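Biologist: I would like to learn how to read a structure such as this one, step by step. Could we look at it together?

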Amino acid sequence: MAVYTEVGDEELSSFLTDYDIGHLVAFRGIAEGVENSNFLLRTEKDGVARDFILTLYERRVNPAELPWFLGLMEHLATHGVSCPLPVAGRDGNALRELAGRPAAITTFLPGVWPRHVQVEHCGPLGEALARLHEAGTTYAPTRANGLGPTAWQPLLDKAAASQGTEETFPGLTAELRLALKRILSAWPPSSDPAVLPRGQIHADLFPDNAFFLDGRVSGIIDFYFACTDLLAYDVAICLNAWCFDETGHFDTARRDALLAGYESVRPLTSAEHDALPALCAGGALRFALTRLYDWVNTPAGALVTRKDPMDYVKKLRVFLSDMSVNPVHV
Ligand SMILES: Nc1ncnc2c1ncn2[C@@H]1O[C@H](COP(=O)(O)OP(=O)(O)O)[C@@H](O)[C@H]1O
Ligand SMILES: N[C@@H](CCOP(=O)(O)O)C(=O)O
């Protein structure tokens, strides 16, 4: 469930007078998603109906960073990436306020996200990710990754100090401490951007953030973890999110398809290939940590469905063993 803030009909109709997108015909809250309140809007202008997404920013989004996120989405959408285009009001501003929350309207994207990922999804997904990275090279503003390697130790400490962590997940924080040490010692130095290129990354391109239509990626959404970081780290996050099957087995056919799709647009450097095992382990650790923290800190009765940290702990174990014996690269 992700409608934290309710919006009334009249309030919304009056809000829409600040835009040039016609009058409100219908709107409803969208149950999916966890971070923000999302609504599907239908408007009509000159007899033509159009759909939009209205987002009210909640929880973890820092309002000061919204111009960066909306600017990135606008940049990507106007540089060939199928992502939501923020719609500006009559005054030229896309970032506005509604029901006491920062709010924005974006274009609606067609397609559905894959509930059961198949190898056929992985090639197009890899290709779309590479196109996003290419398009991002001309977006100059930067945003540090707030959930990158320097954030992992404090996040682990906070999770370990939270009530219920040890009882619910005995021995897990000790295991994660060892994993963190290994990953940080193998983490590639980012001092030479030519070897390990940096740029704008999505950083959360999970299956529920990629829409497909007719076998192609028709939309990429949810840019609110996007940041400026190693491009290959984004690939590693996708290898985590797309390439394990339902039994927890790392599917090398999906990996090969994803990397081939990516490299059909942007070949990885050999340093990036070499770094992938550590980057994959880091990606698994990052999602294990946020899920663990959220698991023990989400109040009972909260509207959000918690995600199981153990799914990512298991992936982490796979990638840690890869770091020793069998690099991920093809
Ligand atoms: N631009 C869009 N076009 C179509 N549907 C969208 C769009 N943006 C969001 N949605 C719908 O809203 C849901 C939640 O969006 P998401 O950005 O993942 O929310 P959250 O930021 O709360 O995690 C998506 O699963 C999708 O159904
Ligand atoms: N993809 C993350 C959670 C972030 O949620 P989203 O709905 O904003 O994509 C995870 O699976 O842990």
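**Reading two domains and a ligand**

Modeller: Let us begin with the overall layout of this predicted model, in which the C-alpha centres of domain 1 and domain 2 lie 28 Å apart. The protein chain is divided so that domain 1 covers 9-107 and domain 2 covers 119-325.

Biologist: How many residues does the contact take from domain 1 and from domain 2?

Modeller: In general, the size of an interface is often given as the accessible area lost when the parts come together. Here we have a residue count instead, with 17 residues coming from domain 1 and 18 residues from domain 2. On the side of domain 1 that touches domain 2, the classes are 10 nonpolar, 5 polar and 2 charged residues.

Biologist: Where does ligand 2 lie with respect to domain 1 and domain 2?

Modeller: Ligand 2 lies between them, because both domain 1 and domain 2 give residues to the shell around this ligand. Among the residues that surround ligand 2 are Gly33, Val34, Glu35, Asp204, Phe206, Arg291 and Lys307. Sorted by class, the shell around ligand 2 has 6 charged, 3 polar and 3 nonpolar residues.

Biologist: What is the mean pLDDT of the protein chain, and over which residues is the pLDDT below 50?

Modeller: Where pLDDT is low, the predicted coordinates should not be read in detail. The protein chain has a mean pLDDT of 94, and 95% of its residues reach 70 or more. Over residues 326-330, however, the pLDDT is below 50, although this stretch has 15 contacts in the model beyond near neighbours in sequence. For the complex, the predictor gives an ipTM of 0.93 and a pTM of 0.95.

Key: Residues numbered from 1 in each chain as written. Chains lettered and ligands numbered in written order. Predicted model: local features only at pLDDT ≥ 70, side-chain atom pairs only at ≥ 80, totals over all residues. Near = placed C-beta within 6 Å. Nonpolar A, V, L, I, M, F, W, Y, C, P; charged D, E, K, R; others polar. Domains from an automatic or database assignment. Contact = placed C-beta atoms within 7 Å. pLDDT = per-residue confidence, 0-100.
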